[in-house]
Amino acid sequence: MKRIGIITSGGDAPGTNACIRTIARRCLYDGVELMGIFDSWDGLLKDEVRLLTRHDVTGIVQTAGTLLRSARSRLFLNKGDEDKAKAALAKHGIEGLLVVGGNGSQAAAAKLAASGFPVVGVPKTIDNDLAGTELTVGFLTAVEMCTHALDNLRATAESHNRVMVVEVMGRNVGWIAVESAIAGGADITLVPEFAFTLDDVCDKLKLRHDKYDRNYSIIVIAEGAVDKQGLIDPRSTATDKLGRPKLGGVGPMLAREIEDRLGYDARCTTLGYLQRCAAPCAADRILATRVSDKAYDLLKGGQSGTLAGLQGTEVRAVPLQDIKGKEKKVTKEYFRLADLFG
Ligand code: F6P
């Protein structure tokens, strides 16, 4: 291959630029031209494509965001979209594509690969919900950021005798919630995988405050968590570009319920996009470099339709078809670790 393309798609995640840099460096050494596709799949159709130079990718291993910009796109949801994409790629002489993204992006990559175009995926999303890889680029930085927030919020919770609810991202999975709760010593953790009851939450708080004489508590709740009675429900009627309900708001709802039911002073802090915009931690920079390096090798070696996934200590080729429609969820056993300290 003499010319390949790179696209970043879905929500931005720390470490994405480190992925672009790695692939650009491999291309430079091999004399392969790397075409950057800007603004994701929609940008491809609008010809927002140009050659990436050494200058473009210098000094970016440590930067947040994606220099190619990103978006959620509806391309590949309709029949015939693969042909549109292939025509746009051919127009720029692109012979193979690296797709840096999460579930939606890799589903698109799988469709393109199945239609005969050489594609390899690089796992990137703060949610860590992509199957086929133990970690996704961006996740560890998001956990670091949330843990830091929990450490700091503890001081205010304690100073004001408050229940501090912290809402973190996680539409269908609670990886960020669980890992930051373990690291930040949260008292209660609520995730989409396991519906909770408000009675349980209140009982736990009462036990801590009345029996164990604690004056504050920290609750971490993932944005997609729901209670069994449907009193706390994250789904608003507004939808995003992909038709998914816009999330956000379960934290304040929970804080209100706690105040009403127990009379404790409760507040919510929603961490929101602060989880996505941070500079990548060292572990994410290293992961980004490893999976991107492998993805380049896979594309060059003709292993289209694969994802460079971290499995144990190795990065391996995982068929995109095998992970299609699957989400990596928090297991009961893993969740137990967060629950252990409640
Ligand atoms: O990147 C994934 C994610 O962080 C989800 O947890 C969240 O629901 C979503 O992005 C929101 O992103 P946006 O508002 O940019 O669509």
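**View 1. Arginine 3 pairs with glutamate 33 in a salt bridge.** The closest N and O atoms of arginine 3 and glutamate 33 are 2.9 Å apart. A salt bridge here is a side-chain nitrogen of Lys or Arg within 4 Å of a carboxyl oxygen of Asp or Glu. The model is predicted: local features need pLDDT of at least 70, side-chain atom pairs count only at pLDDT 80 or more, and totals for chains, interfaces and linings use all residues. Residues are numbered from 1 along each chain as its sequence is written, and side-chain values use heavy atoms, with hydrogens and water left out. Arginine 3 sits in strand E1 (residues 3-8) and glutamate 33 in strand E2 (residues 33-37), 30 residues apart. Helices (H or I, at least four residues) and strands (E, at least two) are DSSP runs, numbered from the N terminus. Arginine 3 has a relative accessible area of 23% and is partly exposed. Glutamate 33 is partly exposed too, at 34%. Buried means under 20% relative accessible area, exposed means over 50%, and partly exposed lies in between (1.4 Å probe, protein chains only).

**View 2. Aspartate 293 and arginine 26 meet in a salt bridge.** The N to O distance between these side chains is 2.7 Å. Aspartate 293 belongs to helix H9 (residues 282-300) and arginine 26 to helix H1 (residues 16-30), so the pair ties together parts 267 residues apart in sequence. Aspartate 293 is partly exposed, at 29% relative accessible area. Arginine 26 counts as buried because its relative accessibility is 19%.

**View 3. Lysine 204 forms a salt bridge with aspartate 339.** Their closest N and O atoms are 3.3 Å apart. The pair links distant parts of the chain: lysine 204 in helix H7 (residues 198-211) and aspartate 339 in helix H11, 135 residues apart. Lysine 204 is partly exposed, at 33% relative accessibility. Aspartate 339 is partly exposed as well, at 32%. Elsewhere, salt bridges that share partners join Arg162, Glu259, Asp265 and Arg267 into one network. The count of salt bridges comes to 21.

**View 4. Tryptophan 41 and phenylalanine 76 form an edge-to-face ring pair.** The count of aromatic pairs comes to 3. Rings of Phe, Tyr and Trp (its six-membered ring) pair if their centres lie within 6.5 Å; planes under 30 degrees apart count as stacked, over 60 as edge-to-face and the rest as tilted. For tryptophan 41 and phenylalanine 76, the centres are 4.8 Å apart and the planes stand at 85°, so the pair is edge-to-face. The pair links distant parts of the chain, 35 residues apart. Tryptophan 41 lies in helix H2 (residues 40-45), and phenylalanine 76 in the loop between strand E3 (49-51) and helix H3 (81-91). Tryptophan 41 is buried, with a relative accessible area of 2%. Phenylalanine 76 counts as buried, at 2% relative accessibility.

**View 5. Side chains of aspartate 127, glutamate 223 and tyrosine 273 approach oxygen atoms of the ligand.** The residues around the ligand are Gly11, Arg72, Ile126, Asp127, Met169, Gly170, Arg171, Glu223, Tyr273 and Arg276 (a heavy atom within 4 Å). Three polar contacts are shown (a pair of N or O atoms within 3.5 Å; within protein, one must be able to donate a hydrogen and the other to accept it, and residues adjacent in sequence count only if both atoms are side-chain atoms). From a side-chain N or O atom to a ligand oxygen, the distance is 2.9 Å for aspartate 127, 2.7 Å for glutamate 223 and 2.4 Å for tyrosine 273. Taken alone, the ligand exposes 400 Å², and the protein buries 81% of that. Accessible areas come from the Shrake-Rupley method with a 1.4 Å probe; for residues, only the protein chains shown count as cover.

**View 6. Tyrosine 273 lies in the loop between strand E9 (266-270) and H9.** Tyrosine 273 is exposed, with a relative accessible area of 57%. Its C-alpha is 10.0 Å from that of alanine 13, although the two residues are 260 residues apart in sequence.

**View 7. Ile182, Leu337, Leu340 and Phe341 form a nonpolar surface patch.** Together they have about 360 Å² of accessible area. Patches are made of residues with over 30% relative accessible area and no salt bridge; like charges are joined within 9 Å, nonpolar side chains (Val, Leu, Ile, Met, Phe, Trp, Tyr) within 5 Å. Leucine 337 is in helix H11 (residues 332-339). Leucine 337 is partly exposed, at 32% relative accessibility.
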